[in-house]
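Student: I should like to work through this model step by step, from single elements to the whole chain. May we begin once it is displayed?

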Amino acid sequence: MIVATLRMTSSFLYALLLAVTIAPAAFAQETPIKALGRFDGWRDNALVGYGLVTGLSGTGDSRSSNITRQALRNALSRLGTTVSADDISSRNVAVVMVTAVLPASANVGDRIDVTVSSVGDARSIAGGTLLMTTLAGPDQQVYALAQGPLLVGGYQFDAQQNAVQRNFPTTGRIAQGASVEQAVNARIANNRGEVTFILAQPDFATAQQIATAVNQRFGPGHARVDNADKVVMTGSTDNSALAGFVASVETISVRAAQQYRVVVNEKTGTVVAGGDIKVSPVVISQGDLRVTIETRDGAWEPYFTTALDGGARHHGEGSRLAGFNTKLTVEEGKDDATIQLGSTTIGDLVQGLNALHVGTRRLISILQALKTEGALHADLIVE
């Protein structure tokens, strides 16, 4: 992978350009199947609850929050105390939403983390304690109970119409703050003992690699490609044997197919692309910027020439390589700045534009134009 950030120093840019030019394309590394996706049915589950945080130092919900007064009345009534709405005027209480993630396999008594967020007009929930709150799943069944003191990574102080705030004091966490009350045991196999592996990045080549590797390990017929994102494997109807089969499958390593993508982050000015993504011969003209990519047969030596610092310099020669000789030229107006490289890849193009301090917006528009023209052979993702 090549990660380029705009406005690099010229010395570092040259070193990186030379490395890109003379280094061969990296081969795909073998990756364990476990890192490429998950087994169907093995997933986390979202839990949500509604509760109260008490013990706040005057930073809770105001008296105008009817929902807070109603929730506090309900909580006190369950404890045998009856109060009216007019009796509740404290700002030491806040109504909150409580969320958690239940693992695919959880037993009664296991502890999980919870996140607590204010839903009223509380200024801060720092220093508060969450009262016992039930956490339910999408099926409306209660799976966990949460309670405990909050850990808030922020604060807010105000006095005489002056306020100082750091981070977001209306959201906090309770580490291991909920106990599982209902066991969950995900099943990944059907009645025939088949399990389905779902790829995180759908790709027919990768799916076929996985199926081939599993068949080589366990014998023909144990795995088949069902789609670009699914590989069906025949395990066992016996739970203990199935566990051993799945554990063995997860340790198998395959060469995953490369995802041809160019990711541009407009905010940070960062471009991330595969080093061997090709750019077809093309000419781009934008304002006083002109980019030319051409291909010739023969042998070449990688070199780098620049006039950005007011004088041309020659930075040495590499070994001669036979094959296609491709030339990338980037020119901008009267500065007479030129970069010439021995390959036409997206890495070379981005580095050449960086040498001229081309802004992020202009870089994005050039890449978009290349994609529209069909000269950029990869997906372009702008964040």
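Student: Which residue just after H2 takes a positive phi?

Tutor: The model under discussion is predicted. Helix H2 covers residues 66-78. Just after H2, a positive phi of about 90° is taken by Gly80.

Student: How many Å does H2 reach from its first C-alpha to its last?

Tutor: H2 has 13 residues. At 1.5 Å a residue, 18 Å is expected. Close to that expectation, H2 reaches 19 Å.

Student: Why are the buried residues of H2 on the same side?

Tutor: The buried residues of H2 are Thr68, Arg69, Ala71, Leu72 and Ala75. An α-helix has 3.6 residues a turn, so residues three or four places apart point the same way. The buried residues of H2 are on the same side because they cover around the axis an arc of only 165°.

Student: Which strands do the buried residues of H2 pack against, and which exposed residues does the face turned away carry?

Tutor: The packing partners of the buried residues are strand E4 (45-54) and strand E5 (93-102). On the face turned away from the buried side of H2, the exposed residues are Asn66 and Arg78.

Student: In what order do the six strands close into a barrel?

Tutor: The pairing in this barrel is antiparallel. From one strand to the next, the twist averages 30°. The order of the six strands is E4-E5-E7-E12-E9-E8.

Student: Which residue in E7 does Met97 stand opposite?

Tutor: Strand E7 (residues 111-118) pairs with E5 in the antiparallel sense, over five bridges. Opposite Met97 in E7 stands Ser117.

Student: Is Leu150 buried or exposed?

Tutor: Leu150 has its place in the loop between strand E9 (142-149) and strand E10 (155-159). Leaving aside neighbours within four places in sequence, Leu150 is in contact with Val53, Val116, Ile125, Gly128, Arg173 and Ile174. The cut-off for burial is under 20% relative accessible area. Because its relative accessibility is 11%, Leu150 counts as buried.

Student: What separation do the C-alpha atoms of Leu150 and Leu130 have?

Tutor: Along the chain, Leu150 and Leu130 are 20 residues apart. Their C-alpha atoms are separated by 7.0 Å.

Student: Which strands stand at the edges of the open sheet?

Tutor: The open sheet has four strands in the order E3-E14-E16-E15, and the pairing is antiparallel. A strand at the edge has a single partner strand, so one side is left without a neighbour in the sheet. The strands at the edges are E3 (37-39) and E15 (223-227).

Student: What angle does the direction of H3 make with that of E15?

Tutor: E15 is joined to strand E16 (residues 230-234) by four bridges, and the two run antiparallel; Arg224 stands opposite Val232 in E16. Helix H3 (residues 204-218) packs on the sheet and touches strand E14 (194-199), E15 and E16. The direction of H3 makes with that of E15 an angle of about 160°.

Student: How many of the residues of H5 are buried?

Tutor: Helix H5 spans residues 346-355 and is mostly covered. Among its buried residues are Ile346, Asp348, Gln351 and Asn354. The number of buried residues in H5 is ten of ten.

Student: What percentage of the residues of the protein count as buried?

Tutor: The secondary structure comes to six helices and 23 strands. The protein exposes about 20800 Å², of which carbon and sulfur atoms supply 51%. Of its 383 residues, the part that counts as buried is 39%.

Note on methods: Residues numbered from 1 in each chain as written. Predicted model: local features only at pLDDT ≥ 70, side-chain atom pairs only at ≥ 80, totals over all residues. Heavy atoms only, no water. Expected span 1.5 Å × (residues − 1). Buried < 20%, exposed > 50% of the residue type's maximum accessible area, 1.4 Å probe, protein only. Arc of directions from axis to C-beta. Contact = heavy atoms within 4.5 Å. Pairing = 2+ DSSP bridges. Axes fitted to C-alpha atoms, helices over the stretch in contact; angles between N-to-C directions. Areas by Shrake-Rupley, 256 points an atom, 1.4 Å probe, with all protein chains shown as cover.
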